[in-house]
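Biologist: I should like a close look at one part of this chain, followed by a connected account of the elements around it. Please explain it in a way that a first-year student can follow with the picture at hand.

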Amino acid sequence: MSASRFEIDAAPGALQDWFEEKGFTDGLPVVPPTPELVAAMVAASGLPAGDEVAAVAPSYAMATVEKIAINAVMAGCKPAYMPVIVAAVRAMAKPEFNLAGIQGTTHPVAPLVLVNGPIREKLGINCSSGVFGQGYRANATIGRAVRLVLMNIGQGLPGRTDMSTLGSPAKFSFCAGENEERSPWEPCHVEHGFAREDDAVLVHGGEAPHNIQDHGSDNPDDLLKTVASVMGTMGNNNVGLGGEMMLVLGPEHAAILARGGLSKNDVRDELHRRLRFRFDAIGTRLRDWYRNRRPAVNCGPDVKEIAYFDDPKQILIAVAGGPGLHSVVIPGFGGMSQHVVERIG
């Protein structure tokens, strides 16, 4: 179905008021999606305007190329960004990602779009200093276009269908590129069977990044103690529901681990061994609640601690950011969502 068209004669300020009244925005001003701008965005996708990309939860309205293009224009995207946005929407609609759950939960979860491949440089996607922050149009507007698709097509609306108790800044825009050039290991998309020269997006349902600061450790053993301590908090969804968590290592932290002879899988195995959930660290009622959430694991009253994750593979690892001895962890939605990797183009 083609998108509806409106003819509006209004000053810029009044036009923005109209978009806000209609509920078409994320709270920020938008670029009016004129037919000419939308047509350019559609053309850059390489797909017909009416092509159906995915049904977007919770409304399950169909996101056509044209409707995605409208939201991309409103977000301030350049036409060249369209293939990344289309791939991200297609990935989020996969059943294992559980977009319906992510859109409706009280948890402050948002889809992170991580971009791999040569397209990062072509589009000017920031992979280095401030990778999750401001200052780069590609990161900011690709992430924002995804959010507008989730709101305007999927109808994930705060307080109505999006029931996140507190929300998150990541719900405005959550897009980054992996710093493949500074990584000592193969990038995420290569781990998933793509060639290094392929372009791909990884979507992960996660919280806003939690900082890991360690300016002292100079060996893997000490550094992983710090990393595990930040990952192993008692109050996130991964404790009670298992599932995935993403560790984004700054290049300098990644180099310390690689110089110590650790591969990505070695890091996963070491963290899995270290990360233990101790029942005596939380209150009695919450302890019982968690025990009921992990039926596949022996959580009986005599059990004092369990593994934080069911499998080391649930720890996703990427390298991003610039100089500085910082990394971040992005806790996930728990066992209710799995990441998806999708080819761009």
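In which loop is the place of Gln155?

Modeller: The model is a predicted one, and every value below is computed from it. Gln155 belongs to the loop that runs between α7 and β4, the latter covering residues 175-177. The backbone deserves attention here, since phi of Gln155 is near 60°, a positive value in a residue that is not glycine. To put that in context, most residues other than glycine have a negative phi, and most peptide bonds are trans. As for its surroundings, Gln155 has a relative accessible area of 32%; because this value falls between the limits of 20% and 50%, the residue is partly exposed.

On one side of this loop is helix α7, formed by residues 137-152. With 16 residues at 1.5 Å a residue, α7 should span 22 Å, and the 21 Å between its end C-alpha atoms agrees with that expectation. The helix is mostly covered, with 14 of its 16 residues buried.

From α7 one may turn to α3, since α7 is among the elements that cover the buried residues of α3. The others include the helices α1 (12-22), α2 (35-45) and α4, together with the strands β1 (52-56) and β2 (61-64). Of the 11 residues of α3, 10 are buried, so this helix is largely enclosed by the rest of the structure. Those buried residues are Val65, Glu66, Ile68, Ala69, Ile70, Asn71, Ala72, Val73, Met74 and Ala75.

Two of the helices that cover α3 can be described further. Two packed helices are described by the angle between their axes and the distance between the axes. For α2 and α3, the angle is about 120° and the axes are 9 Å apart. That makes α2 oblique to α3. The crossing of α2 past α3 is right-handed. On the α2 side, the residues that meet α3 are Leu37, Val38, Met41, Val42 and Ser45. Their partners in α3 are Val65, Glu66, Ala69, Ile70, Ala72 and Val73. Sorted by class, the residues of this contact of α2 with α3 are nine nonpolar, one polar and one charged.

Helix α3 (residues 65-75) also packs with helix α4 (residues 82-92), at an angle of about 115° and with the axes 11 Å apart. Here too the crossing is right-handed. Val65, Ile68, Ala69 and Ala72 are the residues that α3 brings to this contact, while α4 brings Met82, Ile85, Val86 and Val89. The residues of the contact of α3 with α4 comprise eight nonpolar, no polar and no charged. Just after α3, Gly76 takes a positive phi of about 95°.

Other loops in this part of the chain also merit a look. Between β1 and β2 there is a loop that holds Pro58. The peptide bond that joins Ala57 to Pro58 is cis, with omega about 5°. Further along, the loop between α4 and α5 (99-104) contains Asn98. Asn98 is not a glycine, yet its phi is positive, at about 60°. Its relative accessibility is 25%, so Asn98 counts as partly exposed.

A glycine offers a contrast in setting. Gly117 lies in the loop between β3 (110-116) and α6 (119-123). Its relative accessible area is 0%; because that is under the limit of 20%, Gly117 is buried. Apart from its neighbours within four places in sequence, Gly117 is in contact with Glu180, His189, Arg196, Asp198 and Asp199. The C-alpha atoms of Gly117 and Met245 are separated by 22 Å, and the two residues are 128 residues apart along the chain.

Finally, one may consider a pair of helices later in the chain. Helix α9 (residues 220-231) and helix α12 (residues 264-274) pack at an angle of about 60°, and their axes are 10 Å apart. That makes α9 oblique to α12. Their crossing is right-handed. From α9, the residues Asp221, Leu224, Lys225, Val227, Ala228 and Met231 meet Val267, Glu270, Leu271 and Arg274 of α12. The contact of α9 with α12 has six nonpolar, no polar and four charged residues.

Notes. Residues are numbered from 1 along each chain as its sequence is written. This is a predicted model: local features need pLDDT of at least 70, side-chain atom pairs count only at pLDDT 80 or more; totals for chains, interfaces and linings use all residues. Side-chain values use heavy atoms; hydrogens and water are left out. Axes are lines fitted to C-alpha atoms, for helices over the stretch in contact, and angles run from 0 to 180 degrees between N-to-C directions. Helices (H or I, at least four residues) and strands (E, at least two) are DSSP runs, numbered from the N terminus. A crossing is left-handed if the near helix is turned anticlockwise from the far one by less than a right angle, and right-handed if clockwise. Contact means heavy atoms within 4.5 Å. Ala, Val, Leu, Ile, Met, Phe, Trp, Tyr, Cys and Pro count as nonpolar, Asp, Glu, Lys and Arg as charged, and the others, Gly among them, as polar. Angles under 35 degrees count as roughly parallel, over 145 as roughly antiparallel, 65 to 115 as roughly perpendicular and the rest as oblique. The expected span of a helix is 1.5 Å times one less than its number of residues. Buried means under 20% relative accessible area, exposed over 50%, partly exposed in between (1.4 Å probe, protein chains only).
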